[in-house]
Amino acid sequence: MNYYIVIPAHNEEAFIALTLNSLISQTILPKKVVVVNDNSTDKTAEIVMAFAKENPFITLVTKTSQAIHLPGSKVIQAFHKGYETLDKNYDVIVKLDADLILPNNYFETILNIFKKDTTIGMAGGFAYIEKNGTWILENLTDKDHIRGAFKAYRKACFEQIGNLKPAMGWDTVDELLCKFYGWKVITDTSLLVKHLKPTGANYNKTARYKQGEAFYTLGYGFLITSIASAKLAIMKKKPLLFVDYISGYWKAKAAKTPLLVTEEQAKFIRKYRLKKMKEKLF
């Protein structure tokens, strides 16, 4: 099995070398790594070029986009730009952030997971952040969810879900569609990924409303959105975010924002989400 990696990068000069070092140290090397330099004004491109000189499987692609950081759309548009430059001779496609340190056996373990069971569509490890000199689990999501920072997809699954959606919620809808089509999503607790920049560090007020909009476009409906919003606000230790999320949901509904899924998929998603919520309660 071989794997290709696409890394969207915007002003990542502080971290990109650490990420690329952890990739060239993998026990099974990637066949191709495309770094998409998205409007960087720092030395990101120079650092990547230095790695590309020594490692021919690394290439740099340049993209120009708005400087504003909107979660979801910007990063996935950059991913698409990188993906377009690749051929289809991969077994596993990976979307990776530019601020990670992966354990050396990360992709060997991921490929083994895919080899063991052909019904596994996605696999990943767990994100850890540094607090007071120790690495602790970045506790933002359930244990069965793969973080958007390191997504690995089996080719057939990736093609069936229709690539990644350029909108906030892309890293939830991919898993829900995965399950809709009968694929398994697997997380491996032994794979500790160091996440050097905490999630949402650059988000602004607009972005906070975007989370509520994302819940709407995922087809959650108001009940599931309310529960999900409360849970996320508590996890982030910012209870007032609940108001932003709910406002975002109603704004999206009023604007008749298009859903990221079909009505049939939305029905499946609501049923699946409620089932998971009930499992946690009882």
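Which residues point one way from S4, and which the other way? Val-92, Val-94 and Leu-96 point one way, Ile-93 and Lys-95 point the other, and all are buried (under 20% relative accessible area, where over 50% is exposed and in between is partly exposed, with a 1.4 Å probe and protein chains only). Welcome to a quick tour of this predicted model, in which local features need pLDDT of at least 70, side-chain atom pairs count only at pLDDT 80 or more, and totals for chains, interfaces and linings use all residues. Residues are numbered from 1 along each chain as its sequence is written, and side-chain values use heavy atoms, with hydrogens and water left out.

**Overall picture**

- The protein's secondary structure comes to 10 helices and 9 strands; helices (H or I, at least four residues) and strands (E, at least two) are DSSP runs numbered from the N terminus.
- A compact globule of 282 residues would have a radius of gyration near 19 Å, and the 18 Å of the protein agrees with that (taken over C-alpha atoms; the rule is 2.2 Å times the number of residues to the power 0.38).
- Along the principal axes, the C-alpha atoms fill a box of roughly 55 × 40 × 40 Å.
- Of the 282 residues, 50% are buried.
- Among contacts (heavy atoms within 4.5 Å) with a separation of 6 or more, 78% are between residues 24 or more positions apart.

**Strand S4 and its partners**

- S4 covers residues 92-96, and 5 of its 5 residues are buried.
- In a regular strand, side chains alternate between the two faces of the sheet.
- S4 pairs with strand S1 (residues 3-9) in the parallel sense over 4 bridges; pairing requires at least two DSSP bridges between two strands.
- On the S1 side, Tyr-3 has Val-92 of S4 as its bridge partner.
- Strand S8 (residues 150-154) runs antiparallel to S4, and 5 bridges join them.
- Within that pairing, Val-94 stands opposite Ala-152 of S8.

**Ile-120 in strand S6**

- Ile-120 lies in S6, which spans residues 120-131.
- With a relative accessible area of 6%, Ile-120 is buried.
- Leaving aside neighbours within four places in sequence, Ile-120 contacts Ile-113, Phe-114, Arg-154, Trp-183, Lys-184 and Ile-186.
- Arg-154 is 34 residues from Ile-120 along the chain, yet their C-alpha atoms are separated by 7.5 Å.

**Helices H3, H6 and H10**

- Helix H3 (residues 73-83) has as its buried residues Lys-74, Ile-76, Ala-78, Phe-79, His-80, Gly-82 and Tyr-83.
- The cover over those residues includes S1, strand S2 (32-38), strand S3 (58-63), S4, helix H5 (155-160) and H6.
- H6 is itself mostly covered, with 9 of its 11 residues buried, including Trp-170, Asp-174 and Cys-178.
- After H6 comes Gly-182, whose phi is positive, near 90 degrees.
- The axes of H6 (residues 170-180) and helix H10 (residues 263-281) come within 10 Å and cross at roughly 95 degrees; axes are lines fitted to C-alpha atoms over the stretch in contact, with angles from 0 to 180 degrees between N-to-C directions.
- H6 and H10 are therefore roughly perpendicular to each other (65 to 115 degrees; under 35 is roughly parallel, over 145 roughly antiparallel and the rest oblique).
- Thr-172, Leu-176, Leu-177, Lys-179 and Phe-180 of H6 make this contact with Glu-264, Gln-265, Phe-268, Ile-269, Tyr-272 and Arg-273 of H10.
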